[in-house]
Structures are given as C-alpha cells and as structure tokens.
Amino acid sequence: MRGENTQRMVLLETLRLAVPMHMAELRPLEPSHRAEIASRCATVIGSHGDALQFGGKHCREAFNALARGLAAAALTVPGGVDFLGAHWCTDPWCRAKNRFDHADDEPPTTTQQTDIPAQRPFEDVIRDLADYLNTTGDAA
Ligand SMILES: [Zn+2]
C-alpha cells in the first residue's frame with residue numbers, strides 16, 4: 001500500500017510540473033485543435049495507461065499523453081480539469097480546489113435587471129435570420 005501511495009505522489013508531483021509546461025505550449029492553439037489533441041491523448045492513455053501503474057516500455061509515452069491531455073482539456077473545458085486532487089484551468093493563478101469551485105467565481109454579468117433585454121418575438125428572430133442568410137448566402 002505504501003508503494004502505491006508513493007507512486008501516486010510521484011505521478012501527481014510530476015504532473016504538477018509537466019501539465020503547466022504543456023499548457024504554455026498549447027495555449028495559443030485554437031480550441032478545436034486542443035480538443036483534438038486531448039482526444040488523441042485519451043486514446044494513448046486508453047491503450048497504454050496501465051504502463052503508468054506497472055511501468056514498461058510505454059510508460060514515458062503514457063505519461064506524456066496524460067500530461068498533454070490534461071493540459072489540452074484544462075484549456076478547453078469550462079472550469080478546467082481535476083486529477084488526483086490537483087486542478088488545472090485557463091487561469092494560471094487559479095486557487096480553486098476543483099472545477100466545481102468555478103461556479104462561484106463567475107462575476108455577475110450585470111447588476112441591473114434593466115440591462116437584460118426582453119425576449120424578442122420568434123417571428124423577428126426568424127426574419128433577421130432570413131435577412132442575414134439572404135445577404136451573406138450569395139457571397140459565400
Ligand atoms: Zn481553476
């Protein structure tokens with residue numbers, strides 16, 4: 001049991017170093033590209049994830065996929081990601097314990113009820129959409 005805890009602690013501490021490094025590299029990318037990277041990393045972890053626990057020739061590949069996948073997801077998923085009790089999100093100085101803490105961090109978008117526009121009639125929205133499609137449809 002002690003070995004498992006040590007292994008878990010080493011994994012967590014190395015991720016605390018590696019994930020922000022991958023985040024710095026992935027931050028400039030488009031969200032769709034980051035989501036694609038997260039998906040690819042999940043595939044690698046799916047096939048070689050056991051190497052993280054038991055070692056072997058795919059250990060480094062699995063660790064890099066885990067760190068990079070967490071980084072890509074942290075920058076893409078609202079609220080970020082949590083793993084082994086650690087939390088990563090778009091805010092490098094975030095002090096939240098986990099992604100669920102972010103619900104309370106969101107500042108109110110308005111303090112006045114009057115700032116919220118009244119719901120528009122359905123016909124108006126459809127007409128505007130039709131106008132938009134008519135003016136942009138030919139150009140495309
Ligand atoms: Zn956060």
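1. Let's start with E13. In this predicted model, E13 has its place in helix α1. The residue is partly exposed, since its relative accessible area is 42%. Along the chain, E13 and A86 are 73 residues apart, and in space their C-alpha atoms are separated by 9.5 Å. If you are finding your way around, that pair is a handy one to display.

2. Next, look at what the side chain of E13 does. It meets the side chain of R16 in a salt bridge, with 3.3 Å from N to O. Both E13 and R16 belong to helix α1, where they sit three residues apart, about one turn of the helix. R16 counts as partly exposed because its relative accessibility is 43%. As background, side chains of opposite charge can pair when their charged atoms come close.

3. How many salt bridges does a search of the whole structure find? The count is four, and two others are worth a visit here. One of these joins R68 and E25, whose side chains meet at 3.1 Å, N to O. R68 lies in helix α4 (residues 59–76) and E25 in helix α1, so this pair ties together parts that are 43 residues apart in sequence. R68 is partly exposed, with a relative accessible area of 22%.

4. R99 and D82 form another salt bridge through their side chains, at 2.7 Å from N to O. This pair links distant parts of the chain, 17 residues apart: D82 is in strand β1 (residues 81–83), while R99 is in the loop between β2 (86–88) and α5 (102–105). Both partners are partly exposed: R99 has a relative accessible area of 35%, and D82 has one of 24%.

5. Back to helix α1, which spans residues 2–26 and also holds H22. Is H22 buried or exposed? With 16% relative accessibility, H22 counts as buried, because the cut-off for buried is under 20%. Leaving aside residues up to four places away in sequence, H22 touches N64, A67, R68 and A71. R68 will be familiar from the salt bridge with E25, so it is worth showing H22, R68 and E25 in one view.

6. Now for the metal. Which residues coordinate the zinc ion? They are H87 and H102, each through NE2, together with C89 and C94, each through SG, at 2.1 to 2.2 Å. The angles among the four donor atoms run from 95 to 114°, and the site is tetrahedral. Along the chain, the donors follow the spacing H-x1-C-x4-C-x7-H.

7. Two of the zinc donors can be placed by their accessibility as well. H87 is buried, as its relative accessible area is 15%. C89 is buried too, with a value of 5%. Both figures fall under the 20% cut-off.

8. Finally, have a look at the surface. L129, Y132 and L133 make a nonpolar surface patch of about 330 Å². Y132 lies in helix α6, which covers residues 122–137. Why does Y132 count as exposed? Its relative accessibility is 52%, and exposed means over 50%.

Notes
Residues are numbered from 1 along each chain as its sequence is written. This is a predicted model: local features need pLDDT of at least 70, side-chain atom pairs count only at pLDDT 80 or more; totals for chains, interfaces and linings use all residues. Side-chain values use heavy atoms; hydrogens and water are left out. Helices (H or I, at least four residues) and strands (E, at least two) are DSSP runs, numbered from the N terminus. Buried means under 20% relative accessible area, exposed over 50%, partly exposed in between (1.4 Å probe, protein chains only). Contact means heavy atoms within 4.5 Å. Patches are made of residues with over 30% relative accessible area and no salt bridge: like charges are joined within 9 Å, nonpolar side chains (Val, Leu, Ile, Met, Phe, Trp, Tyr) within 5 Å. Accessible areas come from the Shrake-Rupley method with a 1.4 Å probe; for residues, only the protein chains shown count as cover. Donors are N, O and S atoms within 2.8 Å of the metal (3.2 Å for Na, K and Ca); water is not among the atoms, so sites may look incomplete. Four donors count as tetrahedral if all angles lie between 85 and 135 degrees; four count as square planar and six as octahedral if opposite donors are over 155 degrees apart and all others between 65 and 115; anything else is irregular.
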